[in-house]
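Here is a quick tour for anyone opening this structure for the first time. Have a look at the picture, then read on.

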Amino acid sequence: SAGAEPGGRYGRGDEPGPAAHDGAHAPVEASLGTGDIGQRDRLRARRPAAEEVAAEALALDEDNPKLLNLLGLAQLYSQNYREAVFSLGKAAELDPEDPNYRLNLAKAQAAQGNQSSAIVTLEKALDESLQHLPSGLLLASLKADRGDIDGARDLARQLADLHPDAAAPLA
């Protein structure tokens with residue numbers, strides 16, 4: 001399919017992410033850890049290869065949400081935010097029942113600097129149910145980042161009530 005060709009819709013674009021990210025991409029980089037700098041550098045070096053492999057797989061099955069999610073995550077960690085939002089958005093659209101796809105989409109939207117879209121994505125995903133703890137935690141964090149401390153605190157309390165066995169205190 002033409003959409004899966006390198007440089008195409010699913011390929012690794014040459015365009016960098018936005019010039020200013022207002023720190024929203026920090027969690028992506030932080031997730032690589034700081035303990036082993038060599039390991040972090042090795043992971044960074046493999047990112048383009050991961051995107052390439054995922055794009056090749058999508059050439060065979062372009063409507064596979066798992067492959068789109070894989071490609072989107074590779075794009076996210078390569079800081080190809082616009083491409084990541086597209087790939088992860090399509091994965092979430094193809095399989096709206098999997099909360100991880102919406103969570104990953106929200107991460108990409110936030111990394112792109114679009115916290116408002118990330119909040120809307122998470123609110124739709126949670127839709128009156130806070131059963132997916134990672135999505136609820138990210139939503140609370142984004143609300144706090146935008147200055148909605150009361151909303152973040154209320155959400156954290158709801159999450160703590162629904163998930164009393166969570167490893168970290170939520171409220």
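Two residues count as in contact when they have heavy atoms within 4.5 Å of each other. With that in hand, take the contacts in the protein chain between residues at least 6 apart in sequence: 53% of them join residues at least 24 apart. Keep in mind that this is a predicted model.

**The whole chain**
- The protein chain has eight helices and zero strands, so its pattern along the sequence reads α-α-α-α-α-α-α-α.
- Of the 171 residues in the protein chain, 40% are buried.
- About 9,400 Å² of the protein chain is exposed, and carbon and sulfur atoms supply 51% of that.

**Helix H6**
- H6 covers residues 115-126, and at 1.5 Å a residue its 12 residues should span 16 Å; the end C-alpha atoms are 16 Å apart, so the two agree.
- Which residues of H6 are buried? They are Gln115, Ala118, Ile119, Thr121, Leu122 and Leu126.
- Looking down the axis of H6, you'd find its buried residues within an arc of 160°, so they line one face of the helix.
- As for partners, the buried residues of H6 pack against helix H5 (99-111) and helix H7 (133-145).
- Right after H6 comes aspartate 127, and its phi is positive, near 30°.

**Alanine 144 in helix H7**
- Alanine 144 sits in helix H7.
- Is alanine 144 buried or exposed? Its relative accessible area is 30%, and buried means under 20% while exposed means over 50%, so alanine 144 counts as partly exposed.
- Leaving aside residues up to four places away in sequence, alanine 144 touches Ile149 and Ala152.

**Helix H8**
- H8 runs through residues 149-162, and its 14 residues should span 20 Å at 1.5 Å a residue; with its end C-alpha atoms 20 Å apart, the helix agrees with that.
- Gly151, Ala152, Leu155, Ala156 and Leu159 are the buried residues of H8.
- These buried residues take up an arc of only 135° around the axis, so they end up on the same side of H8.
- What does the face of H8 turned away from the buried side carry? You'll find the exposed residues Asp150 and Asp161 there.
- H7 is among the things that cover the buried residues of H8.

Note on methods. Residues are numbered from 1 along each chain as its sequence is written. This is a predicted model: local features need pLDDT of at least 70, side-chain atom pairs count only at pLDDT 80 or more; totals for chains, interfaces and linings use all residues. Side-chain values use heavy atoms; hydrogens and water are left out. Helices (H or I, at least four residues) and strands (E, at least two) are DSSP runs, numbered from the N terminus. The expected span of a helix is 1.5 Å times one less than its number of residues. Buried means under 20% relative accessible area, exposed over 50%, partly exposed in between (1.4 Å probe, protein chains only). The arc is that of the directions from the helix axis to the C-beta atoms. Accessible areas come from the Shrake-Rupley method with a 1.4 Å probe; for residues, only the protein chains shown count as cover.
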